[in-house]
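Here are my notes on this one, as numbered points. Have a look at the structure first, then read on.

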Amino acid sequence: MARTSNVFARVEPEIKEQAEQILEQLGIPMSNAVSMFLRQVVLQRGIPFEMKLPQEMPLAYGSLTKGQFDAEIEKGMVDIREGRVYSADSVEAEMKRIYGI
């Protein structure tokens, strides 16, 4: 048996649970998946997938000042007054298309 070493990582519980469910369906234990990832890092001499920021990022409430938040709300009110409104379904579909969420 090959000698092994422990790796400890902190992960958000929801992400860990989602990953475990997927890995279970694939029949891959979490430790094997982590080992596979690390082997790919070594083989590719970097992260084994593309990492980049989306072209456009949606605004996050927590990153706005009160003035910025008020300005965004006012833009929304103008859109409503001028009839520029969309159904929740069309907004969801567009977010999936643009941001993959």
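1. Starting with helix H3, since that is where I looked closest. Bear in mind that this is a predicted model. Asp 70 comes out at 37% relative accessibility, so it counts as partly exposed. Its salt-bridge partner is Lys 66, with 2.8 Å from N to O. Lys 66 has 63% relative accessibility and therefore counts as exposed. Both residues sit in helix H3 (residues 66-81), 4 residues apart, or about one turn of the helix.

2. A second pair belongs to that helix too: Glu 72 and Lys 75 both lie in H3, with a spacing of 3 residues, again about one turn. Their side chains form a salt bridge at 2.9 Å, N to O. Glu 72 is partly exposed, at 30% relative accessible area, and Lys 75 is also partly exposed, at 48%.

3. Then there is Glu 74 with Arg 81, whose side chains meet in a salt bridge of 2.9 Å, N to O. Arg 81 is exposed, with a relative accessible area of 56%, while Glu 74 is partly exposed at 39%. Beyond that pair, Asp 79, Glu 82 and Arg 84 are joined into one network by salt bridges that share partners.

4. How many salt bridges are there in the whole structure? A search turns up 8. As for the charges overall, the protein chain carries 12 positive and 15 negative side chains. The centres of those two sets lie 10 Å apart.

5. Now the nonpolar side of things. Val 7, Met 30, Val 34, Phe 37, Leu 38, Ile 47, Phe 49 and Met 51 make a nonpolar surface patch of about 720 Å². One of these residues, Leu 38, is placed in helix H2 (residues 30-44). Leu 38 is partly exposed, because its relative accessible area is 39%, between the 20% limit for buried and the 50% limit for exposed.

6. On the overall fold: the protein chain has 4 helices and 0 strands, and its pattern along the sequence reads α-α-α-α. The radius of gyration is 21 Å, whereas a compact globule of 101 residues would be near 13 Å. The C-alpha trace spans about 70 × 30 × 25 Å along its principal axes.

7. Last point, on exposure. Just 2% of the 101 residues count as buried. The protein chain exposes about 9800 Å², and carbon and sulfur atoms supply 58% of that area.

Terms used: Residues are numbered from 1 along each chain as its sequence is written. This is a predicted model: local features need pLDDT of at least 70, side-chain atom pairs count only at pLDDT 80 or more; totals for chains, interfaces and linings use all residues. Side-chain values use heavy atoms; hydrogens and water are left out. Patches are made of residues with over 30% relative accessible area and no salt bridge: like charges are joined within 9 Å, nonpolar side chains (Val, Leu, Ile, Met, Phe, Trp, Tyr) within 5 Å. Accessible areas come from the Shrake-Rupley method with a 1.4 Å probe; for residues, only the protein chains shown count as cover. A salt bridge is a side-chain nitrogen of Lys or Arg within 4 Å of a carboxyl oxygen of Asp or Glu. Helices (H or I, at least four residues) and strands (E, at least two) are DSSP runs, numbered from the N terminus. Buried means under 20% relative accessible area, exposed over 50%, partly exposed in between (1.4 Å probe, protein chains only). The radius of gyration is taken over C-alpha atoms; the globule rule is 2.2 Å times the number of residues to the power 0.38. Lys and Arg count as positive and Asp and Glu as negative; His and the chain ends are not counted. The place of a charge is taken as NZ of Lys, CZ of Arg, CG of Asp or CD of Glu.
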